[in-house]
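Let's take a walk through a protein together. Keep the picture open beside you and turn it around as you read.

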Amino acid sequence: MKGGGQGEVQSRDLEGLEGKSVTLTGWIDSFRQLGKITFVIMGDPEGNYQAVAREEMARKIVQVPRQSYIKIWGPVARGQGKASPFEVRIEGFEVINSADTVLPIDPASKVNSELTTRVNNRPLDLRVPEERAVFLTRAKAMQIIREFLTGSGFVEVDTPKIIATASEGGAELFKFDYFGRPAYLAQSPQLYKEELVLSLGKVFEIAHYFRAEKSNTVKHLNEFTSVDIEAAMAMRDDAMKLIEGLVREMYRGLEVNYAMPERFPVYTYEDIVNHAGLKFGDDLSSEVLNDFGRGKGYYFIVDWPISLKPFYTMPKGDALSESFDLMYGGLEIASGGQRIHQHEMLYSRLKASGLDPESFSEHLKAYRWGMPPHSGWGMGLDRLLMVLMNRENIREVVLYPRDSRHLAP
Ligand code: AMO
């Protein structure tokens, strides 16, 4: 094998290796010519760094198409350029796998390609350190969520994504043929997570769900990631405190500076209806929420009319419900609340919501087996990450977004 004395190292190791000969593999990001010297900006998963080639070596390496995967070797020296504090003086290189000379996007370009082009060429797009950073943050966020919820006594579960009955209403369901019977892609783990509190007490799940939304907006996808929790003996306020705690923990753990209020403000549905001049029972459109949420950070909207919430929501008096939405400005981040735990009430709420209780018989039976009172929520992870990372479009924080126009790659 060709290579330098130190064996293979990564760019992050360079600092401690001044004067030593090293071998690295990675891709060519770009070349910069300065007189007789050619700076080769190299990339690897850790970031970009600088290598230097002179004379014959320079003439040879600039022939290699950018983004090719190569091996370089030579001594490490204190850097002369601004790309990295240490650089590799190239004594030799080997092309491991050459890239096409014409690329759909140029990761080294200062001019960003269109989001659609980037998403369609994601593997190459992620060679841009700033874009890769989004998904490193996403991975860290998942870890923080798991640690936070596990540390709060929740058990991680994974429930089926092929289901027989709708949990969030029929309009946005993807239906398909399941060996001659109709089946659907799960819109949420709602029914399962409620059933599981019967024995496991406190459960959470992080998974993909499917909504047949036709609208193409910056906040909707047809396949999105939700963080769901459900907890026995928890009231709505407990569920709200938990999500507030999780959001704070994510900002802390991801080291995102944000002036968090002491407590997230709480508004009622009625506050917003009055503000917008609507009448009780009207749904709150994006326009109304954007207007109400302008200049606001995180806040809750509580006490929605029962008529606007799914059948499993616990009523509050005659017309309201023990529900909440967590908002950021005009964007809904999560919704949840207390659920119905009594069989008869659930049965009649199904009927009142225009659903056939018979098709929920498998689910309903758990409510005859000592179901504890319980509350929970579902949080759109992609939406929260979009806010956290200050991105304008949900597709920027999802590796391979699915919307009605995009099924590939
Ligand atoms: P809901 O339908 O409000 O509630 O969904 C919960 C959260 O999931 C996110 N979300 C979406 N994100 C991107 N694209 C979509 N198409 C999309 N649809 C929803 C939102 C939303 O707040 N079972 C209840 C939750 C519960 O009560 O526990 C549910 O699914 O951020």
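**A walk from the surface inwards**

Let's start on the outside, where Ile162, Tyr178 and Phe179 make up a nonpolar surface patch, with about 350 Å² of accessible area together. Bear in mind that what you're looking at is a predicted model. Find Tyr178 in strand 9, which covers residues 175–178. Is Tyr178 buried, partly exposed or exposed? Its relative accessibility is 31%, so Tyr178 counts as partly exposed, given that the partly exposed range runs between 20% and 50%.

Now for a contrast: look for Ser68, in the loop between helix 1 (55–61) and strand 4 (69–78). Ser68 has a relative accessibility of 0%, so it counts as buried; the cut-off for that label is under 20%. What does Ser68 touch? Leaving out residues up to four places away in sequence, Ser68 is in contact with Gly26, Trp27, Ile28, Asn97, Ser98 and Ala99. There's also a partner within the sequence neighbourhood: the side chain of Ser68 reaches the backbone oxygen of Pro65, at 2.6 Å.

Next, zoom out to the whole chain. It is divided into domain 1 (8–97) and domain 2 (124–397). Their centres, taken over C-alpha atoms, are separated by 48 Å. Where the two meet, the contact takes eight residues from domain 1 and four residues from domain 2.

Helix 5, made of residues 190–200, is a good place to stop next. Which of its residues are buried? They are Gln190, Leu191, Lys193, Glu194 and Val197. Here's a handy bit of background for reading a list like that: an α-helix has 3.6 residues a turn, so residues three or four places apart point the same way. And what do the buried residues of helix 5 pack against? Their neighbours are strand 11 (202–210), strand 12 (223–232), helix 10 (361–364) and strand 19 (374–380). Right after helix 5 comes Gly201, which has a positive phi, near 80°.

Let's finish with charges. The structure holds 28 salt bridges, and a few of them are worth visiting. In one of them, the side chain of Arg339 meets that of Glu230, at 2.9 Å from N to O. Arg339 sits in the loop between strand 18 (331–338) and helix 9 (343–352), while Glu230 sits in strand 12, so this pair ties together parts that are 109 residues apart in sequence. Both Arg339 and Glu230 are buried.

Another salt bridge joins the side chains of Glu244 and Arg263, 3.0 Å from N to O. This pair also links distant parts of the chain, 19 residues apart: Glu244 belongs to helix 6 (residues 236–253), and Arg263 to the loop between helix 6 and strand 13 (266–268). How do the two ends compare in burial? Glu244 is buried because its relative accessible area is 3%, whereas Arg263 counts as partly exposed because its relative accessibility is 48%.

Then there's Arg395, which forms a salt bridge with Asp403; their closest N and O atoms are 2.8 Å apart. Arg395 and Asp403 are both buried. For a last stop, look for a group rather than a pair: which residues are linked in a network of salt bridges? Arg118, Arg122, Asp125, Glu131, Arg391 and Glu396 are linked in this way.

Notes: Residues numbered from 1 in each chain as written. Predicted model: local features only at pLDDT ≥ 70, side-chain atom pairs only at ≥ 80, totals over all residues. Heavy atoms only, no water. Buried < 20%, exposed > 50% of the residue type's maximum accessible area, 1.4 Å probe, protein only. Helix = DSSP H or I, 4+ residues; strand = E, 2+ residues; numbered from the N terminus. Contact = heavy atoms within 4.5 Å. Patch = residues over 30% accessible without salt bridge, like charges linked within 9 Å, V, L, I, M, F, W, Y side chains within 5 Å. Areas by Shrake-Rupley, 256 points an atom, 1.4 Å probe, with all protein chains shown as cover. Salt bridge = Lys/Arg side-chain N within 4 Å of Asp/Glu carboxyl O. Polar contact = N/O pair within 3.5 Å; in protein donor to acceptor, adjacent residues only side chain to side chain. Domains from an automatic or database assignment.
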